[in-house]
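Reader: Please walk me through the packing in this model. Keep it brisk.

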Amino acid sequence: VTSFGGFGRACCCWCSRCPESCFSPLVNPARQLLASGSIVIPLPISESVVSNLNSGKMSVELPAIGVDEAAKHREKHANTVGDYIKSAMYGGLDGVVSVFVSIAATAGSTNNVTVALVLGLAKLFAGGLSMGVGDWLATDAEVDLARRERAREEWECENFLEGEIEEMVHLYVKKGIDEASARRLVNIMAKNRKGFVDIMMSEELGMALDTEDKKPWAHGLVNFGSFMTFGLIPLLVYIIVVAADPNIRPETVFYISIGTTALTLIGLGIAQSIVTKSGGMLKNAAILLALGAFASGLGYGMSYLLAYTTGVTLE
C-alpha cells in the first residue's frame with residue numbers, strides 16, 4: 001500500500017482482519033462498491049496506517065486481477081495521428097515560413113509578382129523534397145540505432161546478466177529506492193528477459209519502446225505532405241489574386257499574403273494543441289506567429305538592404 005497526498009490505494013475483501021476503525025469513514029460505501037463488483041477503491045489512509053501496512057504490522061488481502069480485468073481500466077492514449085505530429089509540425093512550419101520568406105525576400109528587392117511566384121514555387125518543391133527525405137533518413141537512423149542497442153542489451157543479458165542487474169540496481173538506487181528493495185525488484189524483472197531488456201532500453205538508455213516500430217517512409221511522407229500543403233498557402237494568394245485582377249498592385253498582393261500566412265501559423269498552433277491535447281492554444285499560436293514574423297522580417301530586411309546598398313534587384 002502506498003500513500004499519495006494522504007490517499008492510498010488498496011484492493012481488499014474487507015475481511016475481519018482489516019481494522020475497520022482505520023477506515024471507518026468509508027466502510028459502508030466501500031462495501032457497497034465491492035458488492036457492485038468494484039475492485040480498486042481509493043481510500044483516505046493516514047501515513048501511520050500506510051507505514052504499518054508496509055511493515056507487516058497490518059495486512060490486507062489483495063485479490064489477483066486478471067489481464068482482461070486490467071484491460072478494462074487501461075488509460076486512453078493518443079491515437080496513431082500522435083505518432084506523426086512531430087513530422088507534421090516540422091514540415092508544416094518549415095513549409096509556410098520558408099516559402100513566405102522567399103516571397104518576402106523577393107518583395108524586398110522587386111515589385112515583379114512573376115519573380116516572386118517562380119521563386120516561391122521553386123522553394124516549395126525543393127524544400128518539400130528535402131524535408132521529406134531528411135525526415136525519412138533521420139527516422140531510419142533512429143530505428144537502426146534502437147535495434148542495435150536492443151541486440152547489444154540482449155547479448156549482455158545472455159552473457160553477463162549479473163552485470164546488467166547491478167547496473168539497474170544502481171540506477172534505481174540513484175532514483176531514491178533503497179538498495180534492498182531495488183535488488184529485489186530487479187531480480188524479479190530479470191526473470192522475464194524481453195521485459196527486462198525493454199526496461200533497460202527505457203530506463204538506462206532513455207529510448208522510447210516504440211522506436212523500433214516506426215515507419216521511416218511514413219514519417220518522410222507526412223513531412224513532405226505537410227510542407228507542400230502549408231507551403232502552398234502563401235503562393236495560392238498570388239495565384240488567385242493575380243488571376244482575379246491582373247492589374248492589382250504587387251504591394252497589395254504581398255500584404256494579403258502576409259495576412260493569410262499569419263492566419264495559417266495561428267491555425268497550425270491551434271491544431272498542435274488540439275492533436276496533443278496539451279491546451280495553451282493561444283500560447284502555441286503566438287509562438288508560431290512570432291517565429292514566422294521574425295524569419296519573414298529577416299528575409300525581407302536582408303533583401304531590401306542588399307538591393308539598397310548594391311543597387312541589384314530581381315526583375
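What follows is a set of questions and answers on cores, rings and one helix.

Author: This is a predicted model, where local features need pLDDT of at least 70, side-chain atom pairs count only at pLDDT 80 or more, and totals for chains, interfaces and linings use all residues. Residues are numbered from 1 along each chain as its sequence is written, and side-chain values use heavy atoms, with hydrogens and water left out.

Reader: Which helix gives the largest share of the largest nonpolar core?

Author: A nonpolar core is a set of buried Ala, Val, Leu, Ile, Met, Phe, Trp, Tyr and Cys residues joined through side-chain atoms within 4.5 Å. Buried means under 20% relative accessible area, exposed over 50%, partly exposed in between (1.4 Å probe, protein chains only). The largest core has 17 residues, and H4, H5, H9 and H10 each give two or more. The largest share, 6 residues, comes from H9.

Reader: How are those helices defined?

Author: Helices (H or I, at least four residues) and strands (E, at least two) are DSSP runs. Their numbers run from the N terminus.

Reader: Which residues does tyrosine 238 contact, leaving aside neighbours within four places in sequence?

Author: Tyr238 is among the four core members that touch the most others. Contact means heavy atoms within 4.5 Å. By that rule its partners are Ile103, Val113, Ala116, Leu117, Ala243, Val253, Phe254 and Ser257.

Reader: What is the angle between the planes of phenylalanine 100 and phenylalanine 254?

Author: Rings of Phe, Tyr and Trp (its six-membered ring) pair if their centres lie within 6.5 Å; planes under 30 degrees apart count as stacked, over 60 as edge-to-face and the rest as tilted. Phe100 sits in H4 and Phe254 in H10, 154 residues apart. Their centres are 6.0 Å apart, and the pair is stacked, with planes at 5°.

Reader: Why is the pair of phenylalanine 254 and tyrosine 300 classed as it is?

Author: Phenylalanine 254 is in H10 and tyrosine 300 in H11, 46 residues apart. Phe254 is buried at 11% relative accessible area, whereas Tyr300 is partly exposed at 33%. The ring centres lie 5.9 Å apart and the planes meet at 15°, so the pair is stacked.

Reader: Which helices do the buried residues of H10 pack against?

Author: H10 has 27 residues and reaches 39 Å from its first C-alpha to its last. Its buried residues include Val253, Phe254, Leu265 and Leu268. They pack against H4, H9 and H11.

Reader: What phi does lysine 277 take?

Author: Lysine 277 comes just after H10. Its phi is positive, about 55°.

Terms used
The expected span of a helix is 1.5 Å times one less than its number of residues.
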